[in-house]
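User: I am new to this structure and would like to learn how to read its features one by one. Could you give me the general idea each time, and then the case at hand?

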Amino acid sequence: MHDPHDPIKPGSVIGIIGGGQLGRMTAVAAAELGYRVHIFTPEDNSPASHVSEHTTVAAYDDQDAIEAFGQNVDVVTFEFENVPAETVRHLTNLAPVRPSWECLAICQDRVREKTFCNELGIETAPWKSVTTPEELSAAIIEIGTPSILKTTRLGYDGKGQVRIGPNTDPAQAWKELGGRAAILEGFVDFDVEVSVITARRPDGVMASFDVVENRHKDGILDITIAPANISDDVTQKARAVGQKLADAMDLVGLLAVELFITKNNHVLVNEMAPRPHNSGHWTQDGCITSQFEQFVRAVANLPLGTSQRHSDTVMHNLLGEDANLWEQQLSDPNNKLHLYGKAQPRTGRKMGHINRLYAKGSQPKG
Ligand code: AMP
């Protein structure tokens, strides 16, 4: 088995669990560094498979397929965190798994995630775990309204959430969420939403990208503005939170942390993802090293590149039919267009993004 102190040399095979756009852009960055990529995904014709040498199409709990995958790759990572942690744990006998299944297990469960933050003294919104309608009624009294009921697992892009107001019937809200284990979270009257992405190598060396502002529409990321227009003090706090969490998890790879900044400059963790993140797509064109290249470097135990920003950047997500406007987008020479090769432009589906570049320090407004 591979000595964890050695680099995974260019020419080796990087195994990526998940076949979406994050896997696709990671595979392209890996190819640029001379690696070959093997994707494991349940989806036929996935965006990552279009640009990778091998793809295994099988269910995440297909142990035989997982075993064969693990035997054919030199390192395993993932581009999406809702993979059963058991699947990932099984792979640790076959190849280095970076980040570890323990990191995955923390980030895929809101109770574990928030407990992990709070135990490190890192603030979150006030929250309570709820597993029955009775517990929900008690939690509403304790946390108050407005608040948000979120499924503990498998929520993304605002899915699996119900807003709770003063007149909400707890039994109805519980039913609406599908009666699944959840947390009730106090509503944060934030000034701005930001995120920070930290890369960390196996020896603990870290590099953070600039803190960026994220604006959402209908619970889905709409635009990212790099850098965020926040004070140096808040920037330092946000970076410190990202690095503290990555270190405490002994994470190898990337950790994306979404944060709420309150009007009195408190920095609260909303959620984290142990992988490249939509709010880091701007780095493809605005930084010397993109999040995808940095991810590959960290996972392969190579030296990290500089995360320095050379241009201010605004990233716009292209959802559903927006992607059909590619010709119009390309007619502006300052737009950098990235499309994911998805055939069906369903409403709300992430089809691509545009990075628009500005002079460094010009503070674009989005
Ligand atoms: P999430 O899937 O938890 O990231 O939530 C999606 C979006 O809903 C966030 O980016 C926020 O804009 C909003 N949101 C989630 N939780 C809260 C909260 N506790 N207070 C205020 N807004 C929230």
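Analyst: Gladly, and please keep in mind throughout that this is a predicted model. Let us begin with the aromatic rings, since the structure holds four aromatic pairs.

User: How is such a pair described, and what is the arrangement of Phe40 and Tyr60?

Analyst: In general, two numbers describe a pair of aromatic rings, namely the distance of the centres and the angle of the planes. Phe40 and Tyr60 form a stacked pair, with 6.3 Å from centre to centre and 25 degrees between the planes; planes under 30 degrees apart count as stacked. The pair links distant parts of the chain, for Phe40 lies in strand β2 (residues 36-41) and Tyr60 in the loop between β3 (54-57) and α2 (63-71), 20 residues apart. Both Phe40 and Tyr60 are buried, and together with Phe69 and Phe80 they form one aromatic cluster. A ring can also have a charge over it, as with Trp101, where the charged end of Arg89 sits 4.4 Å from the ring centre.

User: Phe40 belongs to a strand, so how do I read the side chains of a strand, and which residues of β1 point which way?

Analyst: In a regular strand the side chains alternate between the two faces of the sheet. In β1, Val13, Gly15 and Ile17 point one way, while Ile14 and Ile16 point the other way, and all of them are buried. Because five of the five residues of strand β1 (residues 13-17) are buried, the strand is largely enclosed by the rest of the structure. Strands β1 and β2 pair in the parallel sense over five bridges, and the bridge partner of Ile17 in β2 is Phe40, a residue of the stacked pair with Tyr60. Arg36, which also has its place in strand β2, counts as partly exposed at 36% relative accessibility.

User: How many residues of helix α10 are buried?

Analyst: A helix is read by its turns: an α-helix has 3.6 residues a turn, so residues three or four places apart point the same way. In helix α10 (residues 291-299), nine of the nine residues are buried, and the helix is mostly covered. The buried residues include charged side chains as well as nonpolar ones, among them Glu293, Arg297, Phe292 and Val296.

User: What should I look for in the backbone, and where do Asn301 and Asp218 lie?

Analyst: Most residues other than glycine have a negative phi, and most peptide bonds are trans, so departures from either are worth a look. Asn301, just after α10, takes a positive phi of about 60 degrees; this residue lies in the loop between α10 and β15 (312-319) and is buried, with a relative accessible area of 9%. Asp218 has a positive phi of about 50 degrees although it is not a glycine, and it is found in the loop between β11 (212-217) and β12 (220-226), where it counts as exposed at 74% relative accessibility. As for the peptide bonds, a cis bond joins Arg98 and Pro99, with omega about -5 degrees, and Pro99 lies in the loop between α3 (85-91) and α4 (101-107). Another cis bond joins Thr145 and Pro146, the latter in the loop between α6 (133-143) and β6 (147-151).

User: How many salt bridges are there, and which parts do some of them tie together?

Analyst: Side chains of opposite charge can pair when their charged atoms come close. Here the count comes to 20 salt bridges. One of them is between Glu142 and Lys128 (3.7 Å, N to O); Glu142 lies in helix α6 and Lys128 in strand β5 (residues 127-130), so the pair ties together parts that are 14 residues apart in sequence. Another joins Asp250 and Arg200 at 3.0 Å, N to O; as Asp250 lies in the loop between α8 (232-248) and β13 and Arg200 in strand β9, this pair ties together parts that are 50 residues apart in sequence. Asp250 is partly exposed, with a relative accessible area of 48%, whereas Arg200 is buried, at 6%. Finally, salt bridges that share partners join Asp210, Arg239, Arg309 and Asp312 into one network.

Methods:
Residues are numbered from 1 along each chain as its sequence is written. This is a predicted model: local features need pLDDT of at least 70, side-chain atom pairs count only at pLDDT 80 or more; totals for chains, interfaces and linings use all residues. Side-chain values use heavy atoms; hydrogens and water are left out. Rings of Phe, Tyr and Trp (its six-membered ring) pair if their centres lie within 6.5 Å; planes under 30 degrees apart count as stacked, over 60 as edge-to-face and the rest as tilted. Helices (H or I, at least four residues) and strands (E, at least two) are DSSP runs, numbered from the N terminus. Buried means under 20% relative accessible area, exposed over 50%, partly exposed in between (1.4 Å probe, protein chains only). A charge sits over a ring if NZ of Lys or CZ of Arg is within 6 Å of the ring centre and within 35 degrees of the ring normal. Two strands pair if DSSP finds at least two bridges between them. A salt bridge is a side-chain nitrogen of Lys or Arg within 4 Å of a carboxyl oxygen of Asp or Glu.
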